[in-house]
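Q: Could you take a close look at one part of this protein with me, and then walk outward from there? I would enjoy a connected tour.

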Amino acid sequence: MNGANLGLSRTFLRRKAGKVAIRAVPGLILASVLAIMSAFSPLSALADDLGGTHARPVVVGAKLEQSASGTRLILISSQPLTATPFGLEKPDRLVLDLPEVNFQLAPHTGESGTGLIKSFRFGLFGFGRSRIVIDLAGPAHVASVVNAPLLKDLGATVTIELEKLDRDAFHELAGASRTSANSSAAATAATSSAHPTPPTKDPRPLVVIDPGHGGFDPGAMGASGEVEKTITLEFATTLATELERRGHVRVALTRSSDTFVSLPDRVRFARDQNAALFVSIHADTLTNAAGVQGATVYTLADHASDAEAARVAEKENRVDQQAGVDSGESDEEVVSILDDLMRRETKILSAAFAQRLVQGLETHVRLNKNPLRSAAFLVLRAPDVPSALVELGYLSSDVDRASFASPQWREEAARAIAGAIEARLPDRPSAAAQAN
Ligand SMILES: [Zn+2]
């Protein structure tokens, strides 16, 4: 199916919506469909997308309804959708794994709910996959997912019926889901690292750059529509280019496109490749603090250096939960004396690297008034890879936002960070040996 043989104008769609729907769709669904179409009506977006090379389903409408037995989420899609549901506890969520979907939904869709659905989120989850995460008001399960043709061949309504469950039954459902959720997370890891560094005889140490957020998870938002996930990817790409130009290290990115990668998968990516350094890139926001600005470098600590650092870590750690990844249990918590020694060494190397980053940045880039901090960031938890997280600045600051948008600023900051990376590496001779 493509735009050419669909060949329908917006006017035509509107006209057909009126005529065909009234004849073909029974009362209740008809009411929903018409309400959704009049509320969102960009069905032309559907034709636009289909005009491209992708045959991705386009979802242009979403609506919640109370039903006799629970709550239903109705999607208007260009094609029928297959949805694989599973449950997660603490907090209670239902996750629907979908093929890659182009969500063309109005801003704020899903922010408020009704009945069993408190709110819901949607977006790209990995390479070729999308996801809807439903925050539940109480334990529930997906009783059915029904695709019904909409306006002849123009698309489908996808009705996802949620029914109440008791706590024990939901607990069991979430337990059964855990295994499949973890294996699907592993599948994401495998596909999202679409550009793994192939085994190499290149003796240069590997630096992993981690652009924060992506896909499903936009990160922070700026006042003029800037999105953290885009800023981090742009900056990480500039930094990778700079490092490659200098030629002293190999570089790998945890993501090179607008894709969701879970926090444990980012850590695993660095560990699996014996990375010599891991640098995570972010750009946070603060509410009611437009005056706060400048870059901050963070390292891992059980106890945060200050309240602000604790808040930033808490916020950055929450992304997996929001995307429906169960990161409650880590498979890397094997405590041994050796492990402890390794962690201690890594901690010292991380601290030295962070200090060097601040020194390198301060002559080129505006720093936060307290630029070196630490907190319990999940993404910095590799026991054997020295790691630091750079908050480039604040999306809530006008000055910082202007910096992020400037290619000159990005290049200057990237040069400063590249210098700090290279300055730290001779202290870790084992890195070069490991890469062999
Ligand atoms: Zn972030």
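Which residues does Val358 touch, not counting residues up to four places away in sequence?

A: Happy to! Please keep in mind that this is a predicted model. Leaving aside residues up to four places away in sequence, Val358 touches Val297, Leu367, Pro371 and Leu372. Val358 itself belongs to helix 10, which covers residues 337–362. Its relative accessibility is 10%, so Val358 counts as buried; the cut-off for that label is under 20%. There is also a relation to a residue further along the chain: Ala420 is 62 residues away from Val358 in sequence, and their C-alpha atoms are separated by 8.5 Å.

From here, let us move to the metal site. The zinc ion has protein donors from His213 (NE2), Glu228 (OE), His282 (ND1) and Glu316, the last of which is listed with OE twice. These donors lie 2.1 to 2.3 Å from the zinc ion. Along the chain, their spacing reads H-x14-E-x53-H-x33-E. Two of these residues deserve a second glance: His282 sits in strand 12 (residues 277–284) and Glu316 in helix 8 (residues 307–317), so this pair ties together parts that are 34 residues apart in sequence. Both His282 and Glu316 are buried.

Next come the charged pairs. Side chains of opposite charge can pair when their charged atoms come close. Across the whole structure, a search finds 25 salt bridges. One of them joins the side chains of Arg129 and Asp97, at 3.7 Å from N to O. Arg129 is in strand 7 (residues 129–136) and Asp97 is in strand 4 (residues 93–99), so the salt bridge ties together parts that are 32 residues apart in sequence. As for exposure, Arg129 counts as buried because its relative accessibility is 16%, and Asp97 is buried too, with a relative accessible area of 12%.

Strand 7 also holds Asp135, whose side chain meets that of Arg121 in a salt bridge of 2.6 Å, N to O. Arg121 comes from strand 6 (residues 117–126), and the two partners are 14 residues apart. Here the exposure is split: Arg121 is partly exposed, with a relative accessible area of 23%, whereas Asp135 is buried at 12%.

A salt bridge within a helix makes a nice counterpart. Arg268 forms a salt bridge with Asp265, and their closest N and O atoms are 2.7 Å apart. Both residues lie in helix 7 (residues 263–272), three residues apart, which is about one turn of the helix. Arg268 is partly exposed, with a relative accessible area of 25%, while Asp265, at 7% relative accessibility, counts as buried. Elsewhere, salt bridges that share partners join Lys63, Glu65, Arg72 and Glu161 into one network.

Let us finish with a sheet. Strands of a sheet pair through backbone hydrogen bonds, either parallel or antiparallel. In this model, five strands in the order 5-1-2-9-8 form an open sheet with mixed pairing. Strand 5 (102–103) and strand 8 (140–150) are the edge strands, each pairing on one side only. Further in, strand 2 (residues 70–77) and strand 9 (residues 155–164) run antiparallel and are joined by eight bridges. If you would like a residue to follow there, take Thr71, whose bridge partner in strand 9 is Leu162.

Key
Residues numbered from 1 in each chain as written. Predicted model: local features only at pLDDT ≥ 70, side-chain atom pairs only at ≥ 80, totals over all residues. Heavy atoms only, no water. Donors = N, O, S within 2.8 Å, 3.2 Å for Na, K, Ca; no water. Helix = DSSP H or I, 4+ residues; strand = E, 2+ residues; numbered from the N terminus. Buried < 20%, exposed > 50% of the residue type's maximum accessible area, 1.4 Å probe, protein only. Contact = heavy atoms within 4.5 Å. Salt bridge = Lys/Arg side-chain N within 4 Å of Asp/Glu carboxyl O. Pairing = 2+ DSSP bridges.
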